[in-house]
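Please work through the exercises below with the sequence and the model side by side, and try each task before reading its solution.

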Amino acid sequence: MPVIERDQTIPTILLNYIGGKSEKWNIELSNDFSKDKKLFDYQKNALENVIKTLYQFYEEYKGQKEDFAYIYQEYIDNLSPKINNKKLIDLLLEFYPISDNTLPFKELSNRMSFWMATGSGKTLVIIKLIDLLFNLMEENLIPKKPIMFLTAREDLVNAFLKHLREFNHTNLDRQIQPIELKNYQEEKAQGNLFRKIFYYRSDLISDERGDKILDFREFLDKDLEGNYIGDWYIILDEAHKGDKQDSKRQFLVNILSKDGFLFNFSATFTDPIDIATTVYNLNLSEFIKKGYGKQIYLSQSEVKGFEKKEEEREFNEYEKKKIILKTLILLSALKKAKEKLPDLYHFPLAIYLVNSVNVEDSDLKLLFEELLNFAKSIDQNLFKEAKKELNEELKKGSYLLGNGTLEFMKEFIEGLKIEDIYKEVYNASSGGELEYEYYEGNDQEVALKHTSASKPFALIKIGSVNKIKSELLGNYRENKLFEDKKYFENLNSPDSPINILIGSRSFYEGWDSPRPNVIVFINLGKQTDAKKFVLQSIGRGIRIEPVKNIRQRLLWIKDYTNLSSNPEVKALESLFVFATSRSAVETILEELEKIKQLEEWETVEFYKNNNTANKKLLIPKYKSEERKVYNLKNPHKFRLSKENYTLLKLYFDLINYERFVMERDCSIQEFENLKCMMDNTSRYFTFDEKYHYRSFDRLMSSLLNYIRTPVEELNNENPFILLPEDAIVHFKEIKVKKEIFNRFKATVDSVFNAKEISEEEKNNLFLEYRRQGKTLDEAFDLVKSQSSLSQQINGITIEKIIQHYYIPIAYSRNSNIVKHIINVESEIEFIQALKNKISKLDEISEYWFFSKLNENKDNIHIPYLDKTGKYRRYIPDFIFWFKLKDSDKYIIYFIDPKGTAHTDYELKVDGYEKLFVENGKPKIFNHEDIKIEVRLKLFNKNNEGIGNKYIDYWVDENKLFDDLKPS
């Protein structure tokens, strides 16, 4: 998209935003895709972020793009496209307000992007996303709209349809019917678009009609005033690829989805809008970091010999030979490593990617010359020199994407002999000539074979090979095959003889293989337009599958972790990249490193408090009943504006049930319930101008949700259960910026291990360290680290409170370098007030513990009805457990520090009272040998202006825990 004047580094704004949010639809996602495929956790996480984002857009922001764009406010100017093409401006003015040649970003904010590396399984996520969208529409959680899938090329369309057939074959009850977009009007006329996906090539969408080209206006609706409505959910897969018309096509896609939502998938985002709206980041660096791909090493060598003209190449002949020989040595070393792992991993493969083919002086010809020369003989001095340089380079080298050095490769390189090159690369025993073989019915591939070998060693796969045979291979012996060996199709077979694959820019699209360990770019990656190709090629090379159907490095596979440090494992988990210009490839990978540095968070896990091990920590258990909120004796009132109500009443006065049931996809009983609501206004409705629905469809969707909402109650048979392991988990996922990770982790460990010791013990420790030769400062620091129960780092307090569920706790008023810690002012004030009450709580309790709760991560809640009549999960900030002394009383005590301006606290208190209060007092539950009460308090230092009904729920630091008295 043509956005200019980008002087800001744009972070993944949407991803950062939803990282602190939760969705309250409680949608359960399945990992199942087909009989043979399941989603990886990262693919499921991407879909979870979809739900979070759609919840924010449709529930919290009521589907208003302008309001949703507020989350991008800091970067809004740099995200608003500047358009310099007058024809394009004239076109866009039909649909958008454009001022000073600028399209406001708020018009484009209804979108999310998925930055997923090549090989990460985008297509599976896309199909599960389509299924998810249909499910959300069926539940009336998002508006009903048709879904369109667009991708750049025919082979990508075919790959999508192939995976969709696989999904449909297994999921018979959730079939998704693919229909070409050109047939949309015919399908629309039939009146049912549900679970139909309309697909087409993105490069065939334009603003005019052609043979295969479709006019985008044919897929727009019109409102009552004749304005165009782009009412689609659109999914793009690498649809930014193509010719210079792409910028216009990108805007056409935005128009088609301007009243719907846009989902954009790519491995190679470069536009700031795509980066800012990224909802899941699994780009190449993240993919490798999480163990799903090989680690990447970029060689210091440059294949300079192939940059020269014919008359200049003689000068670099020796260098050229040496570089190619290094790649053959490396491939041989990798095959030696594979011999140590007969039951794991793939057979290593080297890929040579060339830029020019079918010309007299092609790169392919130059490469072929060297393969032929080495097939005949390998100079001993050249071999020793190449091997020594490669070994020295790898000894000092480290991964560009990944962790660690490559010194381990010396084990496989140092002992190599020339005979090993013939054996491991050429499938031969000594020098000889080259010949080629092919099958007439397959003009896509030619195999190269050494004359002393019984099977080929290399495959040329570059499209049509007729000219290659005549111009490049004409002087070599030809073997015509009587059957198609399908060498490319069978590359992943353990019996494949192919060690080298030679191809051009398009050979590998859709290819899925873990075999590449060496990629050599010859005259590729130097120009700007080749950057994405290089990145995608590397993406194909990093795939890994050490164990069948498990695509992570061994460190992440439970039963094989102990093998992960072995040299042969490290070797096969590496991708070695060589290039004509190292700086060209490095520039691309450095771009990923910038994003990685910008967004990278390391995970620190705090420690579960061992003192809780044998203590009874209970939480409420709930169940959903068949009864609906609508049927309750005192139903929660539905909020809307007077204008909404007037329009609603007119609508129900005019519409008959047959039309309503057909249009709204609901039952006759639901229609009757809605009519009953309209006849009992005071019972079911309350007017609130803050809840004005701009969209009538959205209003009807909310009303249908209201009458369908099931009641959530305590489980009568077993209302309280022991705290499950997965109930409080946020302390295992403390996110820390990379730059302070080591210091933060060391401080956490120091506080965890610290003990409260007397001054005399501190002095004795100090003297002991001095006797050991420590300096004054060293001795002082050591004593401090062993005795400090509270330490600070970058404004973050890390503290050990022995009654907390996990140790330590961390809090900060303004830190943006740590996530999932206590960072709200009222919560920090509560912690300070609590510390003054610890001795009192110790006095009255047989034992007590408490824990911070995180609404996005943890699973302890109180159900309540929100303003739209839906059940929500209320997660107070803290939960306490008190077993009082000399008593059978056990109290589960929720405390929620918040400002009194949070008016929705009343609804949450109402939800608590419905379940846990009886006759104005906490209800007593008999459970085994104890009597359980569940209490709720709201903490604030200033409790002025509280309504009388709720005043007893509010406490300040003076009244905190005053209601705890043993009976």
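The exercises that follow deal with two sheets, a helix pair and some backbone details.

The model is predicted, so that local features need pLDDT of at least 70 and side-chain atom pairs count only at pLDDT 80 or more, whereas totals for chains, interfaces and linings use all residues. Residues are numbered from 1 along each chain as its sequence is written, and side-chain values use heavy atoms, with hydrogens and water left out.

**Exercise 1. The seven-stranded sheet**

Determine the strand order of the open sheet of seven strands, and find which helices lie across its strands.

Solution. Helices (H or I, at least four residues) and strands (E, at least two) are DSSP runs, numbered from the N terminus, and two strands pair if DSSP finds at least two bridges between them. With these terms, the order reads β3-β4-β2-β9-β10-β1-β11, and the pairing is parallel. The edges are formed by β3 (177–180) and β11 (278–282), each of which pairs on one side only. From one strand to the next, the twist averages 20 degrees.

Next, take one pair: β3 joins β4 (residues 196–201) in the parallel sense over four bridges, and I179 stands opposite F198 in β4.

Finally, turn to the helices, for which axes are lines fitted to C-alpha atoms (for helices over the stretch in contact) and angles run from 0 to 180 degrees between N-to-C directions. Helix α5 (residues 122–138) lies across β1, β2, β4, β9 and β10, running at about 175 degrees to β9, while helix α6 (residues 154–170) lies across β2, β3 and β4 and runs at about 160 degrees to β4.

**Exercise 2. The helix pair α22 and α23**

Describe how α22 and α23 pack, and which residues make the contact.

Solution. Begin with the geometry: α22 (residues 657–664) and α23 (residues 668–679) pack at an angle of about 110 degrees, and their axes are 9 Å apart. The two helices are therefore roughly perpendicular to each other, a class that covers 65 to 115 degrees, with angles under 35 counted as roughly parallel, over 145 as roughly antiparallel and the rest as oblique.

Then list the contact (heavy atoms within 4.5 Å): Y657, F660 and V661 of α22 meet I668, F671 and L674 of α23. These residues divide into six nonpolar, no polar and no charged.

Last, examine the ends of α22. At its start, a side-chain oxygen of N656 comes to within 3.3 Å of the backbone nitrogen of E658; just after α22, D665 takes a positive phi of about 55 degrees.

**Exercise 3. The three-stranded sheet and a cis peptide**

Work out which strands stand at the edges of the open sheet of three strands, and where P808 is placed.

Solution. The order is β30-β31-β33, with antiparallel pairing. Both β30 (790–793) and β33 (809–811) have a single partner strand, so one side of each is left without a neighbour in the sheet. The pairing of β30 with β31 (residues 796–799) runs over four bridges, and Q791 has I798 in β31 as its bridge partner. Helix α29 (residues 825–835) packs on this sheet, where it touches β31 and β33, and its direction makes about 130 degrees with that of β33.

For the second part, P808 is placed in the loop between β32 (806–807) and β33, and the peptide bond joining I807 and P808 is cis, with omega at about -5 degrees.

Terms used. Nonpolar A, V, L, I, M, F, W, Y, C, P; charged D, E, K, R; others polar. Polar contact = N/O pair within 3.5 Å; in protein donor to acceptor, adjacent residues only side chain to side chain.
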